[in-house]
Amino acid sequence: MEIRMPLGDWIAAFFDWVEETMSGFFEALRQLFIWMFDAVDWIFATPPWWAVIVAVVIFALLARGWRFAVSTALGLLFIVSVDQWENAVDSLALVIVAAFLAVVISIPLGIWAARNSTVSKILKPIMDFLQTLPAFVYLVPALALFRIGVAPGIIATLIFAMAPGVRLTELGIRSVDKEVVEAGEAFGATPGRILRQIQIPLAMPSIMAGINQIIMLSLSMVVIAGLVGAGGLGGDVAQAISALNVGLGFEAGLSVVVLAIILDRFTASFGQGMGLYASFASARKARREAAEQAKFDAEAAAQTEADQLIAAGARRAPR
Amino acid sequence: MRAEGLFKVFGRGGSQAVEQLRKGTARTDLADGITAAVIDASFEVKKGEIFVVMGLSGSGKSTLIRMLNGLHPATAGSVTIGDDSITDVSASKLRDIRRHRISMVFQHFALLPHRTVIDNVAYGLEIQGMGKDERIARARKVTEIVGLAGWEEKHPSELSGGMQQRVGLARALAADTDVLLMDEAFSALDPLIRREMQDQLLELQETLGKTIVFITHDLNEAMYIGDRIAVMRDGRIVQIGAPEDILTNPANDYVEQFVQDVDRTKVLTAESVMRKPRAVIHENDGPTGALSMMRDEQLSAAYVIKRDRTIVGWVRDRDVLDLVRKGEKSIRSAIQADHGAVDKDTSLADLLIPSLEAALPLAVKDDRDRLVGVIPRVTLLATLGGEPEAAAQATHRPDPLPTEVVDRALDNAGKENA
């Protein structure tokens, strides 16, 4: 006896139904994604490549220091030298749009899950599902709903990359010292204020780790999205596979690696107090502290002087 | 502040469990998954009093203090601060009470690590909605009071534990509430720092007169800072009383066992161990009267007081005897002024050396220098031993034989041997 559940048919029917009933919605979404992609792509693709590299290197210097700036410059020059600059810019734009959307969706979800156990219980299996389903499988319905181009690439990437953002945000907020949250409550802070002033700032390292994960997963998915005509480095990789072109495959593949390392180091440095920006900031803070301290000291000195005058006056008074 | 019939039951079916507990079911006999943390706690904290709740871990004291400001909603019972009820109020009303009437100091300080000391201290004021300049100015004053002037712009991680808790204390004081809850506030500190903080708290309390509920597992700490102490065990309050009451009249074996290890010399004061003086001499008495009284009472010396019981000094029987022989009418010339009387609030630990140095039972005076009692050395020893009554059974040490009798006996024995 053979058991065959027609699950595939059901899912196909479901997506057909979605496509029919909500085609307007998906078309609008598609236009939005394409518009966002074009906007970001325009920023990186319009200036000459050397200008973009100079800008990125300056940011690298501010974020992590000169060593990172030098390796960033070398990496980007490598991409230019293997003629993958345009592809890399396309992939970068795709990563930025998808990762931005994933962050915007996953952090609020993570916060909600941290504050409500029911939401957490519902989200957990969904996140497990999204993270473990083979990445290629997303592409099929994405293609059906958004047609070929960057839009299915963005939606597949965003869904695939969202899970760690939700998880790490929830974990970060849940692991904030309970006593500190209680302190907020004990002094009469509203839940919103506790979230803003205590939970999110203290969960920041974990949330930043989540954002870093989102960006890295986005990059890996963007390459796969090349298969569905999203272009970029993934497009060349896909082409190299179909043509068995080892050289092209490695050129595009190594460019992905360079892009990945640069993005990872950038996002890992946020809020870590590294690089020139951090030293500017700490110098500014030190100056401000010194100024404040000088102000108290002056006030205190004035106060003592006034006290002495009063005391002296009191001593003189009886005469 | 008043708490009446407070219950806190964790787990489903809390109100049923409360009914069962009221009927006398033991807390271990409740259904699985239900924990009764606080059972039928009632007490009143007077204005300006330090009320200590003392118990071992798991006795429910931390839950109890969190019910006083609604961090844990009570399963049954009521808490009121002045006219405001904490139980059965809306969330926004509760927040309002927490902002203006009750603040809290936490065991592990619970400071906001990303804010400077001054911003931490001003936190309560910020939530009250006070403008930036005003709250910083007030926070600065409080920071100075707790002895952290000069540290305002540092972050908590740059401070030692004791200093961090000063910030915690300053934050609670800055909010300027009548009631201060302190949850094991000094337990995470080193013993020396802890002692320093206790002293500072008592010193501050002299001027501030807050109503303080202090939680601790350390009985010595409870005895040291508490005006009254509630001892908790397994969720129930087993005794409420002044430190000396708890020490001298423990309500049950548990409390008795608990107080066994307390350093009595630090808790008990001169007043609590002193006895009525056997006899005193008035400064206007004549030498003859004084001497005959000392003979009747078998005293070799006695304290001299004025008519209003103010202590003047002391006299020795031989000096008085000299006066009688000389035919003087007044004992004044024989009075020695160095009576060495101790204050009635002096702790026993500080009585030992004066007692050693005094020629007669240590005199105890009140704040107007009046003689209120004496402490014989046997009484002091008996109290330190934990049984003040034993002093009455003290065996009298026989006087040594007169020297001439012994000499004669020895002489005779020598002759016989020769």
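Biologist: How do you know that chain A has 13 helices and 0 strands?

Modeller: In this predicted model, local features need pLDDT of at least 70, side-chain atom pairs count only at pLDDT 80 or more, and totals for chains, interfaces and linings use all residues. Residues are numbered from 1 along each chain as its sequence is written, while chains are lettered from A and ligands numbered from 1 in the order in which they are written. Helices are DSSP runs of H or I with at least four residues, strands are runs of E with at least two, and both are numbered from the N terminus; by that rule chain A has 13 helices and 0 strands.

Biologist: What makes a residue of chain A count as buried?

Modeller: A residue is buried if 20 or more other C-beta atoms, placed from the backbone, lie within 10 Å of its own, exposed if 12 or fewer do, and partly exposed in between; buried residues make up 34% of the 319 residues in chain A.

Biologist: Why is the set that includes A:Leu94 and B:Val213 called a nonpolar core?

Modeller: The name applies because its members are buried Ala, Val, Leu, Ile, Met, Phe, Trp, Tyr and Cys residues joined through C-beta atoms within 7 Å. The largest such core has 186 residues, and among those touching the most other members are A:Leu94, A:Ile154 and B:Val213. Its largest share, 17 residues, comes from helix α5 (residues 85–115) of chain A.

Biologist: What does A:Ile154 touch?

Modeller: Contact requires C-beta atoms, placed from the backbone, within 7 Å; leaving out residues up to four places away in sequence, A:Ile154 touches A:Phe33, A:Phe37, A:Leu94, A:Val97 and A:Ala98.

Methods:
Two residues are in contact if their C-beta atoms, placed from the backbone, lie within 7 Å.
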